[in-house]
Amino acid sequence: AVVSTQSGHYGGIYVLNKIDQISIEELDIIYKIPHCVPLSAHHKWNFDDLLEKMWDYLCLTRIYTKPKGQLPDFNAPVVLKEDNRTLEAFCNNLHKGILKDLKYALVWGSSVKYQPQRVGKEHVLADEDIVQIIKKH
């Protein structure tokens with residue numbers, strides 16, 4: 001898979017298949033190769049590592065929504081580019097009208113010190129944060 005980097009240059013992820021047919025020692029060597037993901041398509045091994053590396057290389061951030069009184073929705077994250085991941089960008093991604101009714105948001109995740117923490121529209125979100133929008137009454 002070829003991906004664009006922030007500097008505009010193109011890089012890639014090397015996917016090495018059939019790890020089910022090599023020894024543990026050989027697998028240890030392969031894991032040290034940069035930009036490489038070993039996997040077994042037949043046994044469906046290591047697909048999670050490939051997916052995680054793709055998210056990292058594409059510089060994308062997943063933000064999950066949490067409606068009031070409900071559990072977070074982990075099935076459909078809001079995807080933001082790494083260079084534009086403020087609460088304001090998150091709100092605009094959901095719907096352009098949300099921002100004018102925003103009072104604050106509650107955030108759970110690595111971008112905040114307390115779980116949850118009350119934040120404003122300038123707050124920078126981190127990958128896999130959970131956001132609950134609180135509207136003005």
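**Exercise 1.** Does Cys 36 count as buried or exposed?

*Solution.* Keep in mind that this is a predicted model. Start with the cut-off: buried means under 20% relative accessible area. Cys 36 comes out at 7% relative accessibility. That value is under the cut-off, so Cys 36 counts as buried.

**Exercise 2.** Work out why Cys 36 has no disulfide partner.

*Solution.* First, look for the closest cysteine sulfur: it sits in Cys 59. Next, check the distance, which is 19 Å from the sulfur of Cys 36. A disulfide needs two cysteine sulfur atoms within 2.5 Å, so the sulfur of Cys 36 is too far away for a bond. Finally, widen the view: a search of the whole structure turns up zero disulfides.

**Exercise 3.** Find the order of the strands in the five-stranded sheet, then place H3 against that sheet.

*Solution.* Go across the sheet and you read E6-E5-E9-E7-E8; the sheet is open and its pairing is mixed. At the edges are E6 and E8 (117-119), each pairing on one side only. From one strand to the next, the twist averages 40 degrees. Now zoom in on E7 and E9: they pair in the antiparallel sense over six bridges. One place to spot this pairing is Val 107, whose bridge partner in E9 is Val 131. Last, bring in the helix: H3 packs on the sheet and touches E5 (60-65), E6, E7, E8 and E9. The direction of H3 makes about 115 degrees with that of E6.

**Exercise 4.** Which residues of the largest nonpolar core touch the most other members?

*Solution.* This core has 15 residues, and the ones to pick out are Leu 87, Phe 90, Cys 91 and Val 131. Then ask which elements give two or more residues to the core: they are strand E6 (73-81), helix H3 (87-94), helix H4 (98-101) and strand E7 (102-108). Take Cys 91 next: its relative accessibility is 0%, so Cys 91 counts as buried. Now follow Phe 90, whose contacts beyond four places in sequence include Ile 63, Val 78, Leu 125, Val 131 and Ile 133. As background, nonpolar side chains tend to be buried together in soluble globular proteins.

**Exercise 5.** Where is Gln 132 found, and which residues does Gln 132 touch, not counting those up to four places away in sequence?

*Solution.* Begin with the element: Gln 132 lies in strand E9 (residues 129-135). Then check accessibility: with a relative accessible area of 6%, Gln 132 is buried. Finally, list the contacts, leaving out residues up to four places away in sequence: Lys 66, Lys 68, Tyr 104, Ala 105, Leu 106 and Trp 108.

Methods
Residues numbered from 1 in each chain as written. Predicted model: local features only at pLDDT ≥ 70, side-chain atom pairs only at ≥ 80, totals over all residues. Heavy atoms only, no water. Buried < 20%, exposed > 50% of the residue type's maximum accessible area, 1.4 Å probe, protein only. Contact = heavy atoms within 4.5 Å. Core = buried A, V, L, I, M, F, W, Y, C linked by side-chain atoms within 4.5 Å. Pairing = 2+ DSSP bridges. Axes fitted to C-alpha atoms, helices over the stretch in contact; angles between N-to-C directions.
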